[in-house]
Amino acid sequence: MTTTQTSVVHDLGALAHRLSHPARTPCVCEPPQVLADRPDGTVVRSGAIVAKAHAADTDREALAARIALAAAPQLAGILLPPLPAPAPAAPTARPVTLWPLGAPVDPTDPGAAPWAEAADLLARLHRTKPPFPLPPMRGPAKAARAVARMRAALRADATAVSCGTGDAATLPRDPAALSVLAGWRALPAWARGEVPAPVRGGSLCHGDLHLGQLVRHPAPDGPWLLIDVDDAGMGEPAWDLGRPAAWYAAGLLAPEDWSTFLDAYRSAGGPAVPADGDPWPALDVPARALTVQTAAVALAKCAAEQRDPDEHEQLMIESCARIATLPPELATGPAS
């Protein structure tokens with residue numbers, strides 16, 4: 001951990017502790033706990049308070065709108081509401097938000113994963129009329145950043161070649177990375193974040209749905225709520241179903257869990273897929289994009305950690321190779 005990272009973690013821990021610990025009482029608190037420390041977000045917990053430092057290059061106006069969304073009465077029971085944050089004495093390099101502690105999904109008990117609850121929350125979110133103007137959902141932009149991260153991580157092992165699209169790019173020699181990039185190029189421009197999604201108005205979307213984005217609040221037995229609104233906004237609702245769909249297609253999500261998720265979403269009136277019939281014409285593009293994103297992040301981590309992909313990572317990489325061979329017409333239209 002760099003000196004800068006250490007300072008950020010220390011400051012977040014001190015802030016969370018100050019707000020969670022009653023003034024002028026003896027301190028018997030445990031040391032602050034680092035929940036995540038990545039360039040796009042450092043998260044530290046002290047007591048019942050969670051403090052998050054967002055990326056330095058965060059669009060602060062857009063973030064403010066997203067935080068206000070999480071606090072809006074219309075989203076009560078869907079999004080975890082933020083806590084009031086004290087005004088900083090001086091401008092900070094990274095914006096900071098505060099949140100109540102929730103109980104996350106237990107990664108050691110996959111059979112208890114709340115797939116039905118996640119789908120119900122998504123459907124309710126997608127059906128909610130936004131209470132005020134919001135920025136676009138950042139899902140496609142996040143996928144593009146994942147591919148850029150992979151390229152950067154593998155740059156030392158890359159060579160300049162033609163992409164076959166008229167532009168020169170530096171691509172890795174590694175066959176796995178080439179499969180990921182082939183799957184990326186097969187996507188329509190909107191799914192790569194290059195143009196707006198071809199939907200009129202769109203829906204209110206989470207933008208980065210996975211099981212790590214759910215907590216019970218109040219902990220430990222409160223209702224499930226969605227957290228992390230950094231990528232929320234208006235867009236194609238099928239994107240929020242893309243990661244479970246990608247996992248199912250790759251064999252990482254059991255068919256019964258996928259059916260539970262899809263049936264619950266449909267039962268709750270979710271607009272991303274038809275109420276019955278084949279959902280894949282709507283989910284094809286988002287599932288492909290989230291497959292590529294997941295595989296790109298995996299390869300970037302493998303390069304940084306000097307290791308080979310594990311079994312789950314290899315399945316997503318192999319899915320990218322299959323994506324690149326599928327008929328392109330499946331990825332030319334909107335996802336809904």
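Modeller: Two strands pair if DSSP finds at least two bridges between them; helices (H or I, at least four residues) and strands (E, at least two) are DSSP runs, numbered from the N terminus. This is a predicted model, where local features need pLDDT of at least 70 and side-chain atom pairs pLDDT 80 or more, while totals for chains, interfaces and linings use all residues. Residues count from 1 along each chain as its sequence is written, and side-chain values use heavy atoms, without hydrogens or water.

Colleague: Happy to start with β1, then. Which residue of β2 does R38 stand opposite?

Modeller: Strand β1 covers residues 33-38 and strand β2 residues 41-46; they run antiparallel, joined by five bridges. The two form a hairpin with two residues between them. Opposite R38 in β2 stands G41.

Colleague: And in the open sheet of three strands, which strands stand at the edges?

Modeller: The order is β5-β9-β10, with antiparallel pairing. A strand with a single partner has one side left without a neighbour in the sheet, so the edges are held by β5 (103-104) and β10 (224-226).

Colleague: Which residue of β9 is the bridge partner of A103?

Modeller: β5 and β9 (residues 214-216) run antiparallel and are joined by two bridges. For A103, the bridge partner in β9 is R216.

Colleague: Lovely. At what angle do helices α6 and α9 pack?

Modeller: Helix α6 spans residues 242-250, helix α9 spans 311-323, and their axes lie 10 Å apart. Residues making the contact (heavy atoms within 4.5 Å) include W247 of α6 and M316 of α9. With axes fitted to C-alpha atoms over the stretch in contact, and angles from 0 to 180 degrees between N-to-C directions, the packing angle is about 90 degrees.
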